[in-house]
Structures are given as structure tokens and as C-alpha cells.
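Dear colleague,

I am handing over a structure for your files. Please open it next to these notes.

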Amino acid sequence: MPGIEQRNEPLHHYSEKEATPMRRSLTALIAVGITVLSLATGATAASAAPNAAAGPQDFALVIDQFATSGPGGQSDQYIQIQNISQAARTLSGFSVDAWLSQSVRALSVTIPVGVTLYQNDVYVIANADAFSGPPGVVNQYWSGIALPSRLGLCLMGPTNARVDAVATTPGTPCQMGATPAAAQPPGNAPDAVVRHSNTGDNGRDFHIGFRTPGTPSHVDPF
């Protein structure tokens with residue numbers, strides 16, 4: 001389509017020695033892939049769209065909470081995954097994708113091989129540009145893009161199957177159920193979009209609550 005522009009932003013890697021006080025707790029250099037597609041152009045990414053059926057998940061790995069702003073400003077963002085099952089689960093080769101529409105994917109972060117979550121363990125991915133902490137909770141960083149408050153987040157398995165998803169706007173590949181979750185209000189409040197149940201309907205399963213990166217939310221299975 002004429003006028004469509006697509007660009008790839010290089011990812012900045014952080015080590016524990018290189019991180020500033022607001023960019024702590026990396027235990028190793030971690031590869032993160034970020035693809036930035038122009039919001040204004042509507043560039044297509046159909047081949048990257050997830051393969052999934054809507055409905056309740058398998059009560060194992062879920063997007064536990066996420067923030068699109070915080071005390072550190074618009075880029076004080078994170079996404080937290082929790083294992084709510086009783087068995088250990090691997091995140092090796094999983095990814096978290098952020099979608100701005102049905103065809104525009106703004107972010108894709110691949111989780112490295114060897115990551116295992118035990119019962120109630122969490123995995124935190126944060127924006128290195130402004131994450132405010134607390135210290136010692138981040139497993140992996142992204143940088144170079146600040147996500148808007150209205151988006152869709154998909155947790156993808158290694159075979160591009162959608163494992164869990166949440167959207168705060170209609171029209172992305174990530175909405176589950178009839179209604180999207182409430183979007184986080186603008187501002188620097190210490191809030192997040194927090195999961196409290198796992199029915200398969202974003203509007204029912206999430207609410208705006210206090211952000212607790214590094215600490216699992218209490219998630220009722222139904």
C-alpha cells in the first residue's frame with residue numbers, strides 16, 4: 001500500500017553492571033526483539049497474528065497485571081506474568097506482543113530459554129526508559145517505545161499459539177470475551193490493570209488496582 005512505512009527499532013541490552021538505579025536487577029544479558037510498526041500508517045502484520053480461540057485458559061500462565069504509566073511517568077511501564085497452577089511451567093520461547101490495532105503490533109518481547117515459573121511465581125518485563133521499581137523485581141527489559149493505555153497484550157507460546165491475552169481497546173487480536181478491560185487512567189498514580197479472576201472475559205477479569213510488580217496478584221480460577 002503506498003505511503004506505508006515500516007521500521008525496526010534496535011533493542012538496547014542491559015546488564016546488571018550497566019543498569020542505572022531505575023534499571024536494576026538484570027542477572028544476565030537478555031535478548032529482546034522489538035518490532036515497531038507505525039501507528040499512523042496502519043502497517044499490516046497479518047503473518048504475526050496469533051492463532052487462538054477465545055475462552056477461558058488452562059489456569060496456568062496468565063498476564064497477571066500491567067501498567068502503562070506510573071510514578072516515573074508515561075514510560076513507567078511493566079507487564080507481569082504469573083503461574084497460577086500448582087505445577088512448574090516453562091516460559092522458554094514464549095513472547096509478549098503488544099498490539100495497537102488488528103494489524104499494528106508495537107512490541108514483541110521474547111522470553112529466553114531456561115525460564116521456569118513455579119506456583120505463584122511471576123516474571124516481570126519492564127520499560128527500561130523509566131521503570132520506577134521496586135528494585136530487584138525485573139527479569140527483562142524493553143526500551144525505545146512507550147505503550148499507550150489502550151492496547152492489546154498477547155502472551156504467545158513457542159508455536160505462536162495464544163496462551164493468554166488482555167485488551168483495553170476493541171479491535172486487537174488480544175481481546176478475550178465480550179468486552180475489553182478498563183484502560184489505566186492517564187497520570188502518575190501507582191496504578192495498574194490487575195487480574196482478579198480467570199473466566200476468559202477481559203471486562204470481568206481485570207480491574208484498575210494498585211501496582212505490585214514482583215508480587216503476584218490473587219487470581220480466583222473462575
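Below are the notes on an aromatic pair, an arginine contact and the nonpolar cores.

This is a predicted model, in which local features need pLDDT of at least 70, side-chain atom pairs count only at pLDDT 80 or more, and totals for chains, interfaces and linings use all residues. Residues are numbered from 1 along each chain as its sequence is written, and side-chain values use heavy atoms, with hydrogens and water left out.

A search of the whole structure gives one aromatic pair (ring centres within 6.5 Å; planes under 30 degrees apart are stacked, over 60 edge-to-face, the rest tilted). The ring centres of Tyr78 and Phe131 are 6.1 Å apart and the planes stand at 70 degrees, so the pair is edge-to-face. Tyr78 lies in strand E4 (residues 78–83) and Phe131 in the loop between strands E9 (122–127) and E10 (140–142), so the pair ties together parts 53 residues apart in sequence. Strands are DSSP runs of at least two residues, numbered from the N terminus. Both Tyr78 and Phe131 are buried (under 20% relative accessible area, 1.4 Å probe, protein chains only).

Arg105, in strand E7 (residues 105–110), has 16% relative accessibility and therefore counts as buried.

The largest nonpolar core (buried Ala, Val, Leu, Ile, Met, Phe, Trp, Tyr and Cys joined through side-chain atoms within 4.5 Å) has 30 residues. Phe66, Leu91, Tyr123, Trp142, Leu153 and Leu155 have the most contacts inside it. A second, separate core of twelve residues includes Phe131 and Tyr141.

Regards

Key: Rings of Phe, Tyr and Trp (its six-membered ring) pair if their centres lie within 6.5 Å; planes under 30 degrees apart count as stacked, over 60 as edge-to-face and the rest as tilted. Helices (H or I, at least four residues) and strands (E, at least two) are DSSP runs, numbered from the N terminus. Buried means under 20% relative accessible area, exposed over 50%, partly exposed in between (1.4 Å probe, protein chains only).
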